Amino acid sequence: MEKEQKSEITIWNKNFICVMIANFMLVMAHSSINPLVERYTEHLGANPQLVGLLVGMFFGVALAMRPFAGPVTTKVDKRKLLVIVFILGAVANLGYALFHNIPAFVAFRVIHGIQFSLIGLVLLTLASDHLPPEKMASGMGIYGIGGAIGAAVAPSIGAGWVALGTNLRSEGFGFTLMFLFGTAMFLLAIIPSLILAPDRKTKAEIKSTGAWYKNILSIHAVPTATVIFLLVIANSLIHTYMFGFGIEQGIYGISIFYLVLALTLAVSRPMCGVLTDRLGVSKVMFPGLALFAVALVVIGFSTALWMTLVGAVMVAIGLGGTQPTIQAMCMQSETPLRRGVAGNTFYIGLDLGLFLGPVLGGFVRTQTSFAFMFRSAAVPVVFAIAAFAIILPIHNRRLEFLGTKG
C-alpha cells in the first residue's frame, strides 16, 4: 500500500505538462525576437540613444506593472488570465509585423511589456500549483528544460526568418516574417492553456486575500527575491555584453557561448532540482553559487573561445542549477492561495536585477574594460551567497510554520 502511494507522487500530470508546453512556446516567441529588437529599431531609423530606450522600455513597463500583476494573479482564474496574456502577446507581435514605424513600435512594445509582466508570473504559479510539494525543486528544474531548449534554438530561428525575408524581398519583410513567427507561437500556446484545469479557489478564499495592495508583495518571499536580484545583476551582463567582450578580446564565434550555455542548462536544471529534493537545499545552493562566482572570473580572464565555453558550462551548472531551487523556495514560502503574490515578489527582484545589471556593468566597463567588468560581477554573487546563508534558517522556520517542512 505504501509503495502504491509513493508511485502516485509524480510530477507528470496533465496540467503540469500543459504549463511546460505553454512555457516552451513563450520562450520560443520571446527568444526569437528579443535578441533582434536592437537591430530592428536601428532598421526603423532610431539613433543609438533612442535604441537603448526602446530596448529597455520593455523591462521598464514590466516592472511598472508589478503592483497590478500580483493582485490580478491572486484574484482572477489563472487559466483565463493565461489565455488573455497569450492573446496580448499575439496582438503585440502582429502589430510589430504590420506597422513598421517607431510610434507603432512604442505602442505595441507597451502592450508587450504588460504581457511580459504577467506571463512568467502566471506560468510559474501554475507550475507550482500542479507539483507535489515534496518534488517542488525537481519539478521546477524540469519546468525550466523547455525554456533552456527554446533559448538555444529560437534566436537562430528568428535570425533565419529575417535572412529569408531579406533574400526574398527586403529586410523589412524579413522582420515581418520574424514577428509573424512570434505571433504564431503565442497563438499555439493558447491550446495547452485551454486544456488546463480552472482554478478551484472559492469566492470566500479570494475575499480572504484582502485588498489589492496586500497582494503586491509577500514579506515571506522578499528573502528569495533579494538573492535572485543579486544573481541577476551578474547574469544580465552575460546576456548583454558577451558580444562586446568577444570583440574586445579578439574571440571569434562567441555566439557558440549561448548554445553551450542553453544545452548545459537543459541538463543541469532538472538534475540539480532532483539533488535538492534528495540532499537538501544547502548542499546544492552553496556549491552552485560558488561555482557561478568562479565562472564569472573565468570568463573575465578568457582570451580564447574554449575558455569562454568552459565559463558557459560553469554558469549553467552554477546559476542554472540553483535557480529552480530558489524558485521552489519562493513558492514554498507562501500558502497555495498566495503563490501568485510570492511569484510577483520574485519577479520584482528579477526585473530590478535585469534593469540595474546592464547599467552598473556599463558604468564599470566605461571606466575599465569588459574583462574587468565580468571579473567584478563575482562581487554581487558573493553577496548573494552571504544573503542566502542568512535567509536559509528563516526559510526553514517558515516551512515549519506552514507545516510543509519535510
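The following questions and answers walk through salt bridges, one helix and the nonpolar cores of a predicted model.

Residues are numbered from 1 along each chain as its sequence is written. In this predicted model local features need pLDDT of at least 70 and side-chain atom pairs count only at pLDDT 80 or more, while totals for chains, interfaces and linings use all residues, and side-chain values use heavy atoms, with hydrogens and water left out.

Visitor: How many salt bridges does a search of the whole structure find?
Guide: Side chains of opposite charge can pair when their charged atoms come close. A salt bridge here is a side-chain nitrogen of Lys or Arg within 4 Å of a carboxyl oxygen of Asp or Glu. By that criterion, the number found in the whole structure is five.

Visitor: Which residue forms a salt bridge with aspartate 129, and is that partner buried or exposed?
Guide: The partner of aspartate 129 is lysine 78, with the closest N and O atoms 3.2 Å apart. This pair links distant parts of the chain, 51 residues apart, since aspartate 129 lies in helix α7 (residues 102–129) and lysine 78 in helix α6 (residues 78–98); helices (H or I, at least four residues) are DSSP runs numbered from the N terminus. Buried means under 20% relative accessible area, exposed over 50% and partly exposed in between, with a 1.4 Å probe and protein chains only. Aspartate 129, at 26%, is therefore partly exposed, whereas lysine 78, at 6%, counts as buried.

Visitor: Which arginine in helix α17 is paired with glutamate 334?
Guide: Glutamate 334 forms a salt bridge with arginine 338, the closest N and O atoms being 3.4 Å apart, and glutamate 334 is itself buried at 6% relative accessibility. Glutamate 334 also meets a second arginine side chain in a salt bridge, at 3.6 Å from N to O. That pair spans 64 residues, from the loop between α14 (305–332) and α15 (339–367) to helix α17 (residues 378–402), where the partner is arginine 398.

Visitor: Where in α12 is the kink centred?
Guide: Helix α12 (residues 256–279) has 24 residues and reaches 33 Å from its first C-alpha to its last, close to the 34 Å expected at 1.5 Å a residue, the expected span being 1.5 Å times one less than the number of residues. The bend at a residue is the angle between axes fitted to the seven residues ending there and the seven starting there. Among the buried residues of α12 are Phe257, Leu261 and Leu265. The kink, of about 30°, is centred on leucine 265.

Visitor: Which helix gives the most to the largest nonpolar core?
Guide: A nonpolar core is a set of buried Ala, Val, Leu, Ile, Met, Phe, Trp, Tyr and Cys residues joined through side-chain atoms within 4.5 Å. The largest one has 90 residues, and those with the most contacts inside it include Leu82, Tyr143 and Phe292. With eleven residues, the helix that gives the most to this core is α11.

Visitor: Which residues does valine 85 touch, not counting residues up to four places away in sequence?
Guide: Valine 85 is found in helix α6 and counts as buried, at 0% relative accessibility. Contact means heavy atoms within 4.5 Å. Beyond four places in sequence, the residues touched by valine 85 are Gln115, Leu118 and Ile119.

Notes
Helix = DSSP H or I, 4+ residues; strand = E, 2+ residues; numbered from the N terminus.
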